[in-house]
Every structure is written in C-alpha cells, then in structure tokens.
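User: Please take a close look at the empty space in this model, both closed and open. I would like to know where it lies and what lines it.

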Amino acid sequence: MSTFRWTAPLQYIGGRHQDGSSPQQLTVAEPASGDTLASFPAAGAQDVDSAVRAARGAFPEWAGAAPAERAGTLARLAAELRRAAEELAVTETRQAGKPIKLTREFDVPGSIDNVEFFAATARHLEGGAAGEYSPDHTSSVRREPIGVVGSIAPWNYPLQMAVWKILPAVAAGNTIVLKPSELTPLTSLLLAEAATRAGLPAGVVNIVTGPGPTTGEALVSHGDVDMVSFTGSTQAGLSVARAAAGKRLHLELGGKAPFLVFDDADLDAAVHGAVAGALINSGQDCTAATRAYIQRPLFEQFLSHTADLMASVRLGDPLDPSTDQGPLISTAHQRRVAGFVDRARSAGARILQGGAAPGGGLAHAPYYRPTLVTGVAQDSEIVQSEVFGPVLVVLPFDTDDEGIGLANDTPYGLAASAWTTDVYRAQRASRAIRAGCVWINDHIPIISEMPHGGYKASGYGKDMSAYSFDEYTNVKHVMSDITGTVRKDWHRTVFGDRPR
Ligand code: NAD
C-alpha cells in the first residue's frame with residue numbers, strides 16, 4: 001500500500017479549513033491497514049457555533065440568488081468533482097475499506113450524478129398553485145428555503161451521504177453545516193473544498209467533524225439551526241429527534257430489507273441478486289438484502305447455490321481492483337457482526353457459509369466472511385435487528401400471503417425486493433410490502449431522479465429526487481384580496497351586520 005496522509009485540519013468553516021477547538025483528538029484510521037490517515041482536534045461546541053454563524057451569514061445572499069445562478073455554481077461543482085474523481089475514490093476506499101471497484105464505479109459516479117441532478121433541478125423549483133380558490137382572493141404558493149440546515153451523516157457511504165444531505169438543501173437555497181461520521185470525514189472535506197473552487201460562497205457549505213454525542217448533539221440542538229437532517233441508525237436517530245425537538249426534522253434510519261422469492265422466480269437471477277444485494281459494501285448498506293424468504297419448492301436449491309456463490313467472493317486489499325469485499329469499518333463493528341452470528345449459532349442456527357473472520361493474511365484487519373444463516377426463528381435477533389455486515393439469513397415460506405407477512409414483520413421499512421416472473425404477483429407484492437422502495441427482480445439500484453426514504457422505524461422524508469425539496473423548503477401560501485372592498489362580508493362574524 002502506498003502511504004497517504006491527510007494534512008489539512010478536519011473542520012471546514014466559512015470557506016476554509018480550521019482546526020477544531022475541542023481537547024479531544026480525532027484519529028481517522030484506515031480499516032485495511034490500521035494506519036492513521038489523519039489526526040486532528042475534534043470540533044467543540046464553539047466550532048459548531050462558528051459554523052452555524054457562517055451558514056447564517058451566507059443564507060440571505062444564497063437564498064436570494066436566482067435559481068439559474070445556484071444551478072450554475074452546482075454544475076461547476078459537478079465538474080470539479082469529475083476532475084477529482086480518482087482522488088475521491090481512493091480516499092473513500094482508504095477511509096472506509098470499500099473495494100476500489102465499488103468507489104470508482106458506484107460511490108463516486110453516483111455522487112457526481114446526484115450533484116448534476118440537483119444542479120439541473122434547482123431551476124425547476126416552483127410553487128404548486130395560483131388561482132381564486134376563494135372568489136375574492138388570488139392564492140399563490142411560494143416555496144422558500146428553510147434557513148440553516150444541520151446535517152449528520154454515517155460512515156457507510158461517506159461521500160454519497162454528504163451529497164444526499166448537502167445538494168437538495170443548497171439547491172433549494174438553504175445553507176448547511178454537515179457533520180460527517182468521525183470515522184470517515186475526508187471525502188466530505190474534499191467535497192467542501194471542491195464547492196469553494198466551484199464558486200459556492202463561503203459559509204454555504206460547512207463541515208464540522210467530531211463524535212455524535214458531542215459535536216453532533218451540539219449541532220442538532222443549536223438554537224440557530226432551523227432544520228435537522230439525519231442519516232444513521234434508528235437508535236441515534238431517536239436521540240437526535242429528542243435533541244432537535246421543535247425543529248424541522250428529516251430522518252433516514254436503519255433497514256432490514258427482505259428479499260422475497262416466489263416459486264416461479266428465475267432461481268439463478270435470484271441467487272445472483274441475493275449475493276450481490278447482501279454483500280454490497282460488505283453488507284454495510286441500509287438497503288442490503290438481509291432476510292431472504294424463499295417459497296418452499298425453491299428453498300433447498302436457493303440455499304445451496306447461494307452458499308456456492310458466496311464462497312467465490314474474493315476478500316482482500318480494498319485498493320486491489322480484483323477485490324470483491326474489503327474489511328468492515330472497524331474492529332468494534334467486526335465484533336458486533338460476529339456477535340450476532342455467534343448468538344444465532346448458539347441458539348441452533350445452521351451456518352452454511354462463513355460465520356467467522358478469515359485468518360491468514362487478512363487476520364490483522366476487521367474482515368468477516370460472507371455468511372449464510374438458516375434454521376432460525378422469525379422472531380430471533382438475527383432476523384429482527386440490523387446486523388450491518390455480510391450476513392444473509394434464509395428462511396422458507398409456503399403461501400404468498402405468508403411470505404409478504406414475514407417480509408413486513410420487522411420494525412423497519414426502508415427497502416425490499418420481490419422475485420417472480422408473474423406480473424400480477426409482482427404488483428400485489430409491491431403494493432403489500434411496507435417499505436420506501438420495492439424492487440422487482442433486482443435489489444440495490446438507485447437513481448437520482450427517484451426518492452429514497454423509509455417507512456416505520458426506517459424514518460421519514462426523502463433523499464434524492466425532486467421529492468427531497470419537500471424536506472428542504474417551506475411552503476408559503478400568499479392570499480391577496482382582489483376586490484378592494486373595505487367592509488368584507490366575513491367581518492360581520494366579528495362586528496356589525498351584513499354590509500348592504
Ligand atoms: P450511527 O447512528 O452510529 O451514526 C450516524 C451519525 O450520527 C454519525 O455521524 C454519528 O457521529 C452521529 N451520531 C451518533 N449519535 C449521535 C447523537 N446522539 N447526536 C448526534 N449525532 C449522533 O450510524 P453509523 O454506524 O454511522 O451508520 C450506520 C447506520 O446508518 C445504519 O443503521 C444504517 O442503516 C444507517 N443508514 C441509513 C441510511 C438511509 O438512507 N436510511 C443510509 C445509510 C446508512
């Protein structure tokens with residue numbers, strides 16, 4: 001591995017890098033090597049306050065800019081990111097342990113596409129009504145930015161999550177303070193630098209780096225933050241919701257996506273889809289396939305073919321283009337994933353593949369083998385809780401209704417897929433499954449034009465697509481009298497009689 005060292009401080013406030021003022025030192029470690037990539041003071045409450053003040057100061061001018069001006073700046077940001085694509089991919093791979101083929105082919109191009117989408121969509125923002133809903137008044141609807149947004153992002157797709165939080169907010173005329181995960185802040189900082197090079201006024205995008213319970217909480221509870229937008233676990237999301245009480249809130253939380261295979265499905269397609277859908281990003285994906293329910297006639301074949309395909313997945317150095325799966329984000333997370341599998345095994349689960357960390361040359365880093373589990377109860381921990389690792393649980397079902405019932409039977413509702421060659425079954429399943437996204441005969445693809453967001457304990461509100469503007473704008477009704485009369489008919493309900 002070549003050496004890499006991040007030299008700039010980890011805060012980006014008012015258009016420039018700054019050191020944090022907290023006594024707490026932050027270390028960004030490379031999961032694959034354990035090397036320190038960056039080490040700097042975390043943001044304290046004082047830095048969060050400076051960032052919020054920078055965002056507040058930049059708000060009037062940015063909110064007042066013509067949409068075409070905002071769109072032009074964001075288009076230049078997309079061009080800057082395109083120029084920096086390889087640096088972004090390598091930095092993302094180093095800080096998050098993601099295979100380089102994933103960051104080069106998915107994280108980075110997907111993020112740039114999202115920036116381009118919001119650059120274009122910034123010019124389409126408009127209110128939805130103008131008309132005489134009362135015969136004496138003309139009503140119009142204005143969509144206005146909310147103000148200063150405080151955003152919190154997770155470590156699993158650091159650049160993409162930063163883009164999903166920042167772009168709809170600033171395209172709509174808001175300014176933002178983003179706190180990336182303290183484990184993976186580097187690509188968010190590269191994004192902020194690119195925004196400055198693209199001509200985004202200082203203070204429109206600010207980054208504060210530090211732990212959730214200190215830096216994050218200072219941000220979401222700050223009195224001058226108008227809106228909080230959070231992506232992360234359901235548990236942290238609930239703390240954030242409490243700390244942000246009274247503010248506008250958008251929550252993108254955990255998932256436990258079901259993968260429902262009916263007996264007429266193309267078995268080979270389902271097996272390939274399950275392995276890819278379960279193992280993408282080492283299973284550290286909120287929409288990853290985690291629970292495969294297979295209609296009884298296909299069950300045994302699905303298990304054996306999936307186990308065989310999982311065995312072919314190549315673990316290795318994430319910077320090597322032939323590596324399929326890198327390490328998990330940290331040793332603590334590896335222990336957490338292993339804990340779920342070990343407890344399931346102790347409770348009688350059959351582990352058909354994996355179920356342990358690899359040894360040999362990979363023993364030094366937090367790798368975990370692709371793992372296939374069966375023989376567990378629907379109400380067991382490994383079926384109900386988010387493992388967030390390369391672990392797929394497979395269970396059988398008999399009737400269609402039973403399969404759909406099992407798919408809906410967790411607290412989560414972020415994503416799901418149904419596999420069938422029968423169009424009627426596909427439509428019935430897509431209607432009955434309670435999740436923000438249902439794929440038919442695929443699992444994972446996303447697209448900038450379409451919304452992403454949860455039902456149930458997976459949160460509320462939408463990322464991506466024009467729907468995200470509903471989160472980041474206020475809708476204002478302007479109602480103008482068009483009669484010019486002094487004594488209006490309705491005044492008699494307050495004083496006097498009907499005017500003659
Ligand atoms: P996490 O909840 O531990 O942390 C997410 C972010 O919140 C981090 O920046 C963290 O520092 C911060 N944070 C934690 N506690 C906080 C607090 N009390 N106040 C303020 N900030 C706080 O999640 P993670 O481990 O970084 O990421 C994995 C989780 O994110 C999974 O549950 C996954 O499903 C979820 N996720 C959801 C989506 C989605 O779109 N729904 C996308 C990606 C990840």
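Analyst: The structure, a predicted model, holds 7 cavities of 30 Å³ or more. On a 1 Å grid over the protein atoms alone, a cavity is a set of points where a 1.4 Å probe fits but cannot get out; a pocket is an open set with protein on both sides within 12 Å along at least five of seven lines; lining residues have an atom within 4 Å of a point. Points are joined across faces, edges and corners, and a volume is the space filled by probe spheres set on them. Local features need pLDDT of at least 70 and side-chain atom pairs 80 or more, while totals for chains, interfaces and linings use all residues. Residues are numbered from 1 along each chain as its sequence is written, and side-chain values use heavy atoms, without hydrogens and water.

The frame for what follows is a division into domain 1 (11–253 + 458–477) and domain 2 (257–440), with bounds from an automatic or database assignment. The C-alpha centres of domain 1 and domain 2 lie 31 Å apart. Their contact (heavy atoms within 4.5 Å) takes 24 residues from domain 1 and 27 residues from domain 2.

The largest cavity encloses about 110 Å³. Its lining consists of Phe106, Tyr157, Gln160, Met161, Trp164, Asp285, Cys286, Thr287, Ile444, Ile446 and His452. By class these are 7 nonpolar, 3 polar and 1 charged (nonpolar: Ala, Val, Leu, Ile, Met, Phe, Trp, Tyr, Cys, Pro; charged: Asp, Glu, Lys, Arg; polar: the others, Gly among them). Helix α5 contributes the most to this lining, with 3 residues; helices (H or I, at least four residues) and strands (E, at least two) are DSSP runs, numbered from the N terminus. Both domain 1 and domain 2 give residues to the lining of the largest cavity, so this cavity lies between them.

The second largest cavity has a volume of about 50 Å³. It is lined by 15 residues, and those closest to its centre are Pro258, Tyr412, Gly413, Ala415 and Arg434. At least two lining residues come from each of β12 (257–261), α13 (400–408), β17 (412–413) and β18 (415–419). The lining of the second largest cavity comprises 9 nonpolar, 2 polar and 4 charged residues.

Now the open space. The largest pocket has a volume of about 1,000 Å³. Among its 40 lining residues, Trp155, Phe230, Gly232, Ser233 and Ala236 lie nearest the centre. Two or more lining residues come from each of α5 (158–171), α7 (212–220), β10 (227–231), α8 (234–243) and α11 (331–346). Of these, α8 gives the most, with 6 residues. The lining of the largest pocket splits into 18 nonpolar, 16 polar and 6 charged residues. Domain 1 and domain 2 both supply residues to it, so the largest pocket lies between them.

The second largest pocket holds about 440 Å³ of space. There are 21 residues in its lining, with Leu102, Ala276, Leu279, Ile280 and Asp324 closest to the centre. Helices α4 (100–121) and α9 (267–279) each supply at least two lining residues, and α9 gives the most, with 6. In this lining, 9 residues are nonpolar, 8 polar and 4 charged. The second largest pocket, too, lies between domain 1 and domain 2, because both give residues to its lining.
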